[in-house]
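Subject: Structure handover

Hello,

Here is the structure for your files. My notes on the ligand site and the salt bridges follow it.

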Amino acid sequence: MSECLFCRIARGEIPARKVFEDETVLAFHDINPARPMHILVIPKRHIESLQTATEADEPVLGHMLGIANRLAEENGSPDGFRVIINNGRVGGQEVSHLHAHVVGGPEPVGPMLKRN
Ligand code: 5GP
Ligand code: ZN
């Protein structure tokens, strides 16, 4: 069994505040929210990042994006939201199980990235 943190959350071994689940994806509140709404959407099957995803993963990748608006509407961000996927060292990925951050809230989330 994988010791990966998000695999363990997907298997229910570590608790999470779930907001959506179906056969292929799970969505839950980030433990350390950066905005009033901060949800993580993960594939239940372990995919490390978009660096290792294959063509076979495209349906679940599309599904992760496809449910984002519904998650935002149902969790306090009906007027828009931002999706962020960090990948690898350069992307600042800390948990090595692909996840989309869906962030928002009543107020705009702010500039996309700080310019260097
Ligand atoms: P990354 O930097 O890899 O894109 O984002 C990892 C995210 O996972 C962070 O926003 C962090 O707060 C969140 N996180 C880390 N550990 C846990 C956990 O055990 N439970 C939940 N719900 N979120 C976590
Ligand atoms: Zn995993």
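**Ligand site**

Asp30 places a polar side-chain atom 2.5 Å from an oxygen atom of ligand 1. Please keep in mind throughout that this is a predicted model.

His99 also makes a side-chain contact: one of its polar atoms lies 2.8 Å from an oxygen atom of ligand 1. With Ile31 the contact is through the backbone, where a polar atom is 3.2 Å from a nitrogen atom of the ligand. Of the 520 Å² of accessible area that ligand 1 has on its own, the protein covers 83%.

Ligand 1 sits in the largest pocket. Two elements give two or more residues to the shell around it, namely helix H1 (5-10) and strand S2 (25-29). H1 supplies the largest share, three residues. There are 16 residues around ligand 1 in total, and those that come nearest are Asp30, Asn86, Glu94, His99 and His101. Asp30 and His99 are thus on that list, and the polar side-chain contacts to ligand oxygen atoms given above include one from Asp30 and one from His99.

**Salt bridges**

Side chains of opposite charge can pair when their charged atoms come close. The search of the whole structure found six salt bridges; I describe some of them here.

Arg8, Arg11 and Glu13 are linked in a network of salt bridges. Glu13 pairs with Arg8, with 3.0 Å between the closest N and O atoms. Glu13 also meets Arg11, at 2.7 Å from N to O. How accessible are the members of this network, Arg8, Arg11 and Glu13? Arg8 is partly exposed, at a relative accessible area of 26%. Arg11 is partly exposed as well, at 32%, and Glu13 has 40%, which also counts as partly exposed.

Arg45 and Asp57 form another salt bridge, with an N to O distance of 2.4 Å. This pair links distant parts of the chain: the residues are twelve apart, and both Arg45 and Asp57 are in the loop between strand S3 (37-43) and helix H2 (58-66). Is each partner buried or exposed? Arg45 has a relative accessibility of 53% and counts as exposed, because the cut-off for that class is over 50%. Asp57 has a relative accessible area of 4% and is buried, because that class covers values under 20%. The bridge therefore joins an exposed arginine to a buried aspartate.

Regards

How values were computed: Residues are numbered from 1 along each chain as its sequence is written. Chains are lettered from A and ligands numbered from 1 in the order in which they are written. This is a predicted model: local features need pLDDT of at least 70, side-chain atom pairs count only at pLDDT 80 or more; totals for chains, interfaces and linings use all residues. Side-chain values use heavy atoms; hydrogens and water are left out. A salt bridge is a side-chain nitrogen of Lys or Arg within 4 Å of a carboxyl oxygen of Asp or Glu. Buried means under 20% relative accessible area, exposed over 50%, partly exposed in between (1.4 Å probe, protein chains only). Helices (H or I, at least four residues) and strands (E, at least two) are DSSP runs, numbered from the N terminus. A residue is near a molecule or strand if one of its heavy atoms lies within 4 Å of it. A polar contact is a pair of N or O atoms within 3.5 Å; within protein, one must be able to donate a hydrogen and the other to accept it, and residues adjacent in sequence count only if both atoms are side-chain atoms. Accessible areas come from the Shrake-Rupley method with a 1.4 Å probe; for residues, only the protein chains shown count as cover. On a 1 Å grid over the protein atoms alone, a cavity is a set of points where a 1.4 Å probe fits but cannot get out, and a pocket is an open set with protein on both sides within 12 Å along at least five of seven lines; lining residues have an atom within 4 Å of a point. A molecule sits in a cavity or pocket if more than half of its atoms lie within 2 Å of its grid points.
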